[in-house]
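Please look through the fold below, beginning with its strands and then turning to a few backbone details in its loops.

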Amino acid sequence: MAVRSTPAVVGARHAPLSPAQFAIWLRDRMTGDPTLYREHACYELLGPFPKRFATALRAAVAAHPAFVAAVLPGLRGVPELHLDQHIVEVEHRHVTEGELADVLDHESLTGPALDGGPLTRCLLLTVTPERHVMLMVWHHLVADGMALRVLLETLRDCWDDPARLPEAGGATVCDANLAYLAAAESAAARERARAAADRLTGLALQPLPRTGAGAGASRREVIGEWDGAVDGLAEAAVAARLTVPMLLAAACRRAAGEVLGLEDFLLGCVTAGRWLPDFEAVVGCFVNTVLVPANSGLELSVREHVRSGARELAAAVARQEIPFTAVAGRLLRDVRPRPRIFPQIYLSMDTPTPLRLTGLECRRIRIPHAQAKFDVALIVEYDRGGFHGVLQYRDDVLTPATAQRFVRVFLARLRELPGALVRPSPAR
């Protein structure tokens with residue numbers, strides 16, 4: 001049974017970092033790559049453009065104090081998240097069509113600074129009187145994908161009714177951190193962490209082979225666009241009583257087996273980490289990684305491989321309130337030979353995050369950057385119309401040719417699933 005808790009204090013303005021936030025803070029320090037955890041959201045805005053947009057954007061950001069926070073040293077130098085440390089202004093400038101791509105590429109990697117902050121930047125670029133581009137840049141420690149949805153919904157409300165400012169107060173990311181830390185330290189949580197680690201102990205895991213070339217620099221391989229839909233994928237998931245993420249995970253496991261030669265490995269899957277309903281509408285970084293025992297399934301039928309993997313994925317997600325660090329810490333105590341760094345292969349799956357503003361046509365702009373936070377990371381956005389993905393990897397693990405082959409095999413196995421899972425109706 002999952003651990004449940006509610007915040008003892010509502011409106012806390014500072015708190016220690018959560019385990020996930022601390023892991024991001026620590027990796028940011030260790031990698032020496034200041035761009036690794038810089039996240040961005042970029043949308044093209046087409047149509048008559050009232051001047052109130054900048055006001056609406058400022059109000060939306062101010063309504064979520066994580067965006068105006070800073071990471072400051074706490075007791076004994078332990079980093080803490082402090083709210084209300086900055087004011088985020090909207091930087092407005094005019095650019096030409098020819099300048100736009102270079103400006104977006106540069107600005108999406110410029111700031112914010114983790115030391116002292118601010119941790120968020122907002123830019124409004126005017127190309128023509130009826131064409132603007134909104135670019136937000138933030139440190140990943142501040143907000144995750146679900147938090148972006150919350151912000152864009154607030155922006156829509158501020159746009160529709162400029163006189164109605166979002167209400168101040170209520171639960172904050174610091175409340176969430178305090179509640180999560182209290183829950184993680186409970187006896188029930190420790191027992192669940194032990195049980196989760198026990199499920200993974202003793203697996204005959206294989207480490208990824210190293211290429212022997214490169215210095216571990218980030219590389220990327222784009223996977224697909226929305227018009228590259230896999231015909232019948234969503235319908236096949238429904239018919240088989242599965243989910244699209246379960247099918248994506250199955251194709252990823254097969255690609256790992258065929259291309260990387262892995263028979264058994266730990267697949268790291270991202271979860272929303274919002275297992276307390278109090279914080280569904282709170283902006284913050286709550287993502288958690290769950291470890292899923294995975295195999296290539298080359299000796300199984302497609303149906304058997306998909307269903308066995310689906311069971312493991314569902315079981316892991318059901319334990320998403322257990323901090324990844326708690327499970328990893330227990331696994332590292334195992335003295336038997338095994339990879340000491342995990343997950344080496346990471347899978348992130350989510351639906352698109354649209355921006356909807358009355359009277360404007362809003363289009364997502366993707367700014368490609370190589371940001372390999374893990375050795376191999378498959379990041380996919382999907383809906384019924386198709387999917388977009390990118391394979392992020394480090395060049396001391398994969399060569400470009402191997403990365404391209406991984407993508408080809410992933411797509412090939414994904415396209416096979418509808419026919420393998422949905423049996424034709426018997427002839428009458």
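How many bridges join strand S9 to S10, and do these strands run parallel or antiparallel? Strand S9 (residues 264-271) is joined to S10 by 8 bridges, and the two run antiparallel; one of these links has Thr271 with Asn288 in S10 as its bridge partner. Helices (H or I, at least four residues) and strands (E, at least two) are DSSP runs numbered from the N terminus, and two strands pair if DSSP finds at least two bridges between them.

This is a predicted model, in which local features need pLDDT of at least 70, side-chain atom pairs count only at pLDDT 80 or more, and totals for chains, interfaces and linings use all residues. Residues are numbered from 1 along each chain as its sequence is written, while side-chain values use heavy atoms, leaving out hydrogens and water.

The wider setting is an open sheet of 6 strands with mixed pairing, in the order S8-S14-S13-S11-S9-S10. Because strand S8 (218-224) and strand S10 (288-295) each have a single partner strand, they stand at the edges, with one side left without a neighbour in the sheet. Helix H10 (residues 324-331) lies across S9 and S10, running at about 50° to S10, where axes are lines fitted to C-alpha atoms, for helices over the stretch in contact (heavy atoms within 4.5 Å), and angles run from 0 to 180 degrees between N-to-C directions.

Among the loops, the one between helix H3 (97-107) and strand S6 (120-128) holds Pro112, and the peptide bond from Gly111 to Pro112 is cis, with omega near -5°.
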